[in-house]
Amino acid sequence: MADKKDSRTPSKGGLIKRKEKKMEKTESKPEKEKEKDKDKDEKIKSKTAENQQNSIDKPQGNGEIEEGAQGPVKDEEFQLEPIELPPFEIIVGDRMNPNFFKFQFKNVEYSSGRNKTFLCYQVDIQGGTTEADGLRGYLEDEHSGSHAEEVFFQQVLAFYDKSLCYTVTWYTSSSPCATCAAKLVEILRSRKTMRLSIHCSRLFQWEEPEIQTGLQALVRAGCKLRMMRPLDFAYVWSAFVENEADNFIAWEDCQENYEYYDEKLCGILK
C-alpha cells in the first residue's frame, strides 16, 4: 500500500522543476503580449502621423474635393456658400451669327423656343453745325431685367440733343411687349425730334388685349409699325448678318407668313 501511494506522490526535486517550468510559462506570456502591444502602438503612431500629414497637404476650408475622392467630407463647422452667378447682360454687336438670324427672325406663326429679342438698329442724325455720324448694329437680350427695346435707349442712344433730328429704324424678331410699348410711348413724347420705325418679323402675343392696346398707343405716339417683307429680311441679311457674301435665300412660306401677320396687325391698328 505504501509503495502504491509513494508511486503517485512526486519527489521534491520533480515538484521544484515543474514549478520552475510553470513560472517560465507565466513569465513568457506577458513578454509576448508586451511585444504585440508595442507593435500595435507603433502602427497607431505611424497611422496618426500619416493622417496628420494628409490633413496638412489637403486644402482647408475651400469646399473642394480632391481628385479621386468619393464624395464631399461633412464638416459641421464649414458650410458651402451658394455661388453667385454673374448677371446676364445685353449682347451688343455689329453683325450676328447667320444661324441666329435664320432661327430668331423666321416669321413662323408658332415661335416655340424663340424667347429672345433680336433688334437690328440704324440711326441717322442730322442738324447742328456738323454732320453727326450714324449708328448701326444689333442688340440681343439674354433674359435680363430690361428688354432690348429699352436697353437701346440706355446703351446706344442714351444721349439726346433736341437741336438734332434722329431717324431711328429697327428690325426686330418680334413686336414689343405691352411694357416696352408703354416705355417707347413715353420716350417718343419726350423726344420731339426723333422718329421711330419698327419692322417686326412676328407679332408677340397679338391676341392679348393689353398687347393690342400697347401697339395702338405706340402708333398714336408717332411710331411707324409694320411687318417685315421678304425684301426686309434680305436687307437685314446683307447689313446685319455675318453672311460671308452669300445671298439671302428666303425660307418656305416667308411671303405667306408675312401676309398672315400683316393682316393681323392691320386688324389691330384699324
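This section describes the predicted model of the protein, from its overall composition to individual residues.

The protein contains eight helices and six strands. Read from the N terminus, the order of these elements is α-α-β-α-β-β-α-β-α-β-α-β-α-α. The chain has 270 residues, of which 32% count as buried. The exposed surface comes to about 19200 Å², and carbon and sulfur atoms supply 49% of that area. Among contacts with a separation of 6 or more, 75% are accounted for by residues 24 or more positions apart.

Confidence was considered next. The mean pLDDT of the protein is 74, with 61% of the residues at 70 or more. Residues 1-30 have pLDDT below 50, and in the model this stretch makes zero contacts beyond near neighbours in sequence. A further stretch, residues 54-88, also stays under 50 in pLDDT. For residues 54-88 the model has 10 contacts beyond four places in sequence. Where pLDDT is low, the predicted coordinates should not be read in detail.

Helix α4 spans residues 148-156 and helix α5 spans residues 178-190. The two helices pack at an angle of about 35 degrees, and their axes are 9 Å apart. On the α4 side the contact involves Glu149, Glu150 and Phe153, which meet Cys180, Lys183, Leu184 and Ile187 of α5. Sorted by class, the residues of this contact are four nonpolar and three charged, with no polar residue.

Helix α4 also carries Phe152. The relative accessible area of Phe152 is 0%, so this residue is buried. Apart from neighbours within four places in sequence, Phe152 is in contact with Tyr121, Val123, Leu139, Leu157, Val168 and Trp170. One of these partners, Tyr121, is 31 residues away from Phe152 along the chain, and the C-alpha atoms of the pair are separated by 8.7 Å.

Two residues of helix α7, which covers residues 230-240, were examined in the same manner. Asp232 is located in this helix and counts as buried because its relative accessible area is 10%, under the 20% limit. With neighbours within four places in sequence left aside, the contacts of Asp232 are with Tyr171, His199, Arg226 and Met227. Tyr235 also lies in helix α7, but its relative accessibility is 30%, so Tyr235 counts as partly exposed. Residues up to four places away in sequence not being counted, Tyr235 touches Gln122, Arg136, Tyr171 and Phe240. The side chains of Tyr235 and Arg136 are joined by a polar contact of 3.3 Å. Tyr171 appears among the contacts of Asp232 and among those of Tyr235. Along the chain, Tyr171 and Tyr235 are 64 residues apart, while their C-alpha atoms are separated by 9.8 Å.

The loop between β5 (194-200) and α6 (209-220) includes Arg202. With a relative accessible area of 3%, Arg202 is buried. A polar atom of the Arg202 side chain lies 2.6 Å from the backbone oxygen of Gln104. Arg202 was also compared in position with Tyr110, a residue of the loop between α3 (98-104) and β2 (118-126). The C-alpha atoms of Tyr110 and Arg202 are 9.4 Å apart in space, although the two residues are 92 positions apart in sequence. Tyr110 is exposed, its relative accessible area being 67%, whereas Arg202 is buried.

Backbone geometry was noted for two loop residues. Gln205 is found in the loop between β5 and α6, and its phi is near 45 degrees, a positive value in a residue other than glycine. At a relative accessibility of 46%, Gln205 counts as partly exposed. Asp253 belongs to the loop between α7 and α8 (254-269). The phi of Asp253 is near 70 degrees, which is likewise a positive value in a residue other than glycine. Asp253 has a relative accessibility of 37% and therefore counts as partly exposed.

Terms used:
Residues are numbered from 1 along each chain as its sequence is written. This is a predicted model: local features need pLDDT of at least 70, side-chain atom pairs count only at pLDDT 80 or more; totals for chains, interfaces and linings use all residues. Side-chain values use heavy atoms; hydrogens and water are left out. Axes are lines fitted to C-alpha atoms, for helices over the stretch in contact, and angles run from 0 to 180 degrees between N-to-C directions. Helices (H or I, at least four residues) and strands (E, at least two) are DSSP runs, numbered from the N terminus. Contact means heavy atoms within 4.5 Å. Ala, Val, Leu, Ile, Met, Phe, Trp, Tyr, Cys and Pro count as nonpolar, Asp, Glu, Lys and Arg as charged, and the others, Gly among them, as polar. Buried means under 20% relative accessible area, exposed over 50%, partly exposed in between (1.4 Å probe, protein chains only). A polar contact is a pair of N or O atoms within 3.5 Å; within protein, one must be able to donate a hydrogen and the other to accept it, and residues adjacent in sequence count only if both atoms are side-chain atoms. Accessible areas come from the Shrake-Rupley method with a 1.4 Å probe; for residues, only the protein chains shown count as cover. pLDDT is the predictor's confidence in each residue, from 0 to 100.
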